[in-house]
Amino acid sequence: MLSLELVRKSYREPDGEELSILDIPTFSVAKGEQVVLRGRSGCGKTTLLNCIAGLTTVDSGRISINGTDIVRLQEVGRDRFRAKYIGFVFQTFNLLPAFTALENVQLGMSFTGQRSDAARAEKLLQDVGLGHRLTHKPAALSVGEQQRVAVARALANQPALLLADEPTANVDPGHQQQIIDLLREACNREQVAMLLVTHSPEVADQFERVEVLEEINRAVSAA
Ligand SMILES: Nc1ncnc2c1ncn2[C@@H]1O[C@H](COP(=O)(O)OP(=O)(O)OP(=O)(O)O)[C@@H](O)[C@H]1O
């Protein structure tokens with residue numbers, strides 16, 4: 001469902017130098033497959049997720065999701081595609097502070113153009129154990145609860161691909177496993193493919209497929 005071919009991404013340094021971050025000959029994830037992505041700090045994991053989500057443009061290459069090469073889409077088309085097919089759980093949650101937990105999840109739906117479905121949003125929040133926190137705003141939620149809202153929001157549009165960037169990094173150890181279990185259950189239930197970045201060996205050990213970015217990325221191995 002996800003396949004990358006000859007994907008290159010570099011950043012321009014303040015001194016004008018080009019810094020090559022990604023040079024990936026090939027990488028793919030099958031429908032419903034759950035893959036962990038590891039690698040040293042700064043090797044390009046977040047950059048890769050952002051490229052796959054179309055949040056960052058690549059220099060060249062092909063990123064195909066369900067048969068559509070998102071690199072070839074114009075910005076508006078890419079935004080629509082992302083809203084429809086991709087769920088993203090960020091390390092820092094990125095919840096909208098002025099909106100309640102329920103509204104944050106509903107907003108995840110409205111971006112896709114589908115009618116905002118309060119019943120589904122409520123069910124998603126119940127599934128992550130927050131049925132009693134629907135009308136609370138992020139500031140009134142604990143860090144672990146905020147991350148659970150973010151998980152529910154990422155699933156709101158019934159994505160085909162879930163990208164999770166260190167979703168347990170800011171959560172205490174007691175809640176880490178809960179977040180991982182929630183993500184895995186949701187992916188199993190809805191046949192969602194997942195690419196999960198984590199630094200935690202305990203988390204990585206729970207997955208059948210663990211990829212190390214340095215091993216699939218020529219830019220890093222050459223550095
Ligand atoms: N917008 C940007 N402009 C210039 N350099 C950037 C930009 N974003 C990231 N970088 C650099 O690209 C490299 C890869 O960053 P990235 O955030 O993808 O790494 P990472 O593997 O996710 O790191 P970590 O595990 O610490 O989160 C780093 O050296 C970073 O400083």
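1. Five strands make up an open sheet in this predicted model. Their order is β6-β7-β8-β3-β9, and the pairing is parallel. At the edges stand β6 (86-89) and β9 (209-212); each has a single partner strand, so one side of each is left without a neighbour in the sheet. Direction ignored, neighbouring strands of this sheet are turned by 20° against each other on average.

2. Helix α5 (residues 143-155) packs on this sheet, where it touches β6 and β7 (161-165). The direction of α5 makes about 170° with that of β6.

3. Two pairings inside the five-stranded sheet can be followed residue by residue. Strand β3 (residues 34-38) pairs with strand β8 (residues 193-197) in the parallel sense, over four bridges. In this pairing Val35 stands opposite Leu195 of β8. Strands β7 and β8 are also paired in the parallel sense, over five bridges, and here Leu163 stands opposite Leu195 in β8.

4. Is strand β8 buried or exposed? Five of the five residues of β8 are buried, so this strand is largely enclosed by the rest of the structure. The cover is on both faces: Ala193, Leu195 and Val197 are buried on one side, and Met194 and Leu196 are buried on the other.

5. The largest nonpolar core has 61 residues. Which of its members touch the most other members? They are Val151, Leu163 and Leu183. Leaving out residues up to four places away in sequence, Leu163 touches Leu49, Ile52, Ala53, Ile86, Phe88 and Leu195. Leu195 therefore appears both among these contacts and as the residue opposite Leu163 in the pairing of β7 with β8.

6. There is a further open sheet, of four strands, with antiparallel pairing and the order β2-β1-β4-β5. The edge strands are β2 (18-29) and β5 (68-69), and each of them pairs on one side only. As a general point, strands of a sheet pair through backbone hydrogen bonds, either parallel or antiparallel.

7. Strand β1 (residues 2-12) has neighbours on both sides in the order given above. To β2 it is joined by 10 bridges, and these two strands run antiparallel. Glu5 stands opposite Thr26 in β2. Five bridges join β1 to strand β4 (residues 60-65), again in an antiparallel arrangement. Ser3 stands opposite Ser64 in β4.

8. Strands β4 and β5 pair in the antiparallel sense over two bridges. Ser64 has Asp69 as its bridge partner in β5, and Ser64 is also the residue that stands opposite Ser3. How many residues lie between the two strands of this hairpin? There are two, and Asn66 in the turn has a positive phi of about 50°.

9. The ligand has a shell made of Tyr11, Ile21, Gly39, Ser41, Gly42, Cys43, Gly44, Lys45, Thr46 and Thr47. By class, three of the shell residues are nonpolar, six are polar and one is charged. Which element gives the most to this shell? Helix α1 (residues 45-52) does, with three residues.

Notes. Residues are numbered from 1 along each chain as its sequence is written. This is a predicted model: local features need pLDDT of at least 70, side-chain atom pairs count only at pLDDT 80 or more; totals for chains, interfaces and linings use all residues. A residue is near a molecule or strand if its C-beta atom, placed from the backbone, lies within 6 Å of it. Ala, Val, Leu, Ile, Met, Phe, Trp, Tyr, Cys and Pro count as nonpolar, Asp, Glu, Lys and Arg as charged, and the others, Gly among them, as polar. Two strands pair if DSSP finds at least two bridges between them. A nonpolar core is a set of buried Ala, Val, Leu, Ile, Met, Phe, Trp, Tyr and Cys residues joined through C-beta atoms within 7 Å. A residue is buried if 20 or more other C-beta atoms lie within 10 Å of its own, exposed if 12 or fewer, and partly exposed in between; C-beta atoms are placed from the backbone. Two residues are in contact if their C-beta atoms, placed from the backbone, lie within 7 Å. Axes are lines fitted to C-alpha atoms, for helices over the stretch in contact, and angles run from 0 to 180 degrees between N-to-C directions.
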